[in-house]
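Here is a set of questions about how certain terms come to be applied to one model, each answered by setting a value beside its definition.

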Amino acid sequence: MTVEFNSTEEILFVLHGLNMTQKNKHIYFSFSLILYLFTIFVNLTLIFTISLEKMLHNPMYLFICNLCINGIYGASTFYPRLLYDLLFDSHLITYSWCITQAFGIYSYAFCEFTNLTVMAYDRYVAICKPLHYHSIMTIQKVRTLILLSWLFSWLECSIGLVLTVRLPLCGTDIDKLYCLNWAVVKLSCIDTTPNNLYGFFLVFCQVSQIMLILISYVNIIKLCLRSHVGKKRFMQTCLPHLITVINFTISIVFDSMYARYGSNTSLLALRNIMSVEYLVVPPLLNPIIYGMTLTQIRNRVGQIFSHKVAALK
């Protein structure tokens with residue numbers, strides 16, 4: 001029997017994704033805390049390196065800096081709540097906190113896609129139109145694009161969540177480690193066609209951005225294959241971005257498809273891994289990939305740490 005909840009009472013959702021953590025919760029807590037702190041550390045390292053080094057104040061590095069800020073934002077929408085649940089053995093989350101977490105996670109994902117699209121455009125202009133690069137990609141334009149990437153993402157999420165909060169709910173069980181908009185929509189007592197239509201619109205927006213990235217890279221690769229210098233430049237500045245795009249796209253597609261069409265009878269551990277991959281791996285790997293492959297960042301980070309070690313001696 002389904003029970004419709006009164007709109008005036010605070011709903012408590014049950015996160016069933018934590019069921020597998022009962023026996024070894026202290027191990028999971030320690031591992032998650034280390035992973036979260038290391039993610040914050042590597043992203044902050046790149047952010048401060050780019051911010052403090054004037055030579056790195058150009059569009060490509062500013063977009064990387066924004067990517068790292070979004071990585072910290074995304075990790076912080078997931079890890080703190082997970083650590084709290086593991087530490088206090090809690091499986092409950094209030095409706096308001098659930099919606100807040102869903103907003104944070106979705107805005108992180110949308111901002112990541114938008115920022116990656118802008119970065120692809122930046123690389124396209126830099127390689128395919130080098131003579132016009134500085135006139136096209138001005139600092140003012142870069143700031144505007146970064147601001148719009150955040151505002152556009154927040155707007156997308158806000159509309160989706162407005163459509164969700166109007167729904168009366170007939171359940172409280174969420175089969176994940178965290179809250180997502182679609183997980184709440186599935187608990188609705190009424191028709192969710194507007195939510196589904198808006199979901200397809202968001203999918204269209206993200207697919208359109210992926211197509212823009214692909215078109216940019218088709219043109220970049222065609223140009224770079226003509227010379228050895230072009231190939232070298234592609235490997236140094238474009239390959240890290242391409243790896244980041246592929247990694248994040250595969251992660252988000254897996255989770256989106258599984259959330260809508262996956263079976264609840266499959267292994268809980270497998271469901272958890274698939275659902276957190278885009279929240280754990282990209283924020284951790286992005287700064288490492290860019291820090292290792294881009295020479296200017298790698299050299300500057302090396303200098304900073306060598307000075308710190310020398311000062312300690």
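Q: Which residue stands opposite Val14 in strand 3?
A: In this predicted model, Val14 has Asp173 of strand 3 opposite to it.

Q: What makes strand 1 and strand 3 a pair, and in which sense do they run, parallel or antiparallel?
A: Pairing requires at least two bridges between the strands, and strand 1 and strand 3 are joined over 2 bridges in the parallel sense, so the pair is accepted under that criterion.

Q: How do you know that strand 1 and strand 2 pair as well?
A: Strand 1, which covers residues 12-15, is linked to strand 2 over 3 bridges in the antiparallel sense, and a pair needs at least two. Leu12, for instance, has Thr94 in strand 2 as its bridge partner.

Q: Why are strand 2 and strand 3 said to stand at the edges of the sheet?
A: The sheet is open, with 3 strands in the order 2-1-3 and mixed pairing. Strand 2 (92-94) and strand 3 (173-174) each have a single partner strand, so one side of each is left without a neighbour in the sheet.

Q: What packs on the sheet, and which strands does it touch?
A: Helix 3, residues 95-128, packs there and touches strand 1, strand 2 and strand 3, with a direction that makes about 85° with that of strand 2.

Q: Which side chains of strand 1 are buried, and which are not?
A: The side chains alternate along strand 1: Phe13 and Leu15 point to one face and are buried, whereas Leu12 and Val14 point to the other face and are not. The word buried is reserved for a relative accessible area under 20%.

Q: Why is Leu223 called partly exposed?
A: Leu223, which has its place in helix 7 (residues 193-224), has a relative accessible area of 29%. Buried means under 20% and exposed means over 50%, so a value in between is called partly exposed. Leaving out residues up to four places away in sequence, Leu223 touches Ile127 and Cys128.

Q: Which residues touch the most other members of the largest nonpolar core, and what gives the most to this core?
A: Among its 77 residues, Phe13, Ile64, Ile174, Tyr178, Tyr278 and Ile297 touch the most other members, while helix 3 gives the most to the core, with 16 residues. With neighbours within four places in sequence set aside, the contacts of Ile297 include Leu46, Ile50, Ile64 and Tyr290.

Conventions:
Residues numbered from 1 in each chain as written. Predicted model: local features only at pLDDT ≥ 70, side-chain atom pairs only at ≥ 80, totals over all residues. Heavy atoms only, no water. Helix = DSSP H or I, 4+ residues; strand = E, 2+ residues; numbered from the N terminus. Contact = heavy atoms within 4.5 Å. Axes fitted to C-alpha atoms, helices over the stretch in contact; angles between N-to-C directions. Buried < 20%, exposed > 50% of the residue type's maximum accessible area, 1.4 Å probe, protein only. Core = buried A, V, L, I, M, F, W, Y, C linked by side-chain atoms within 4.5 Å.
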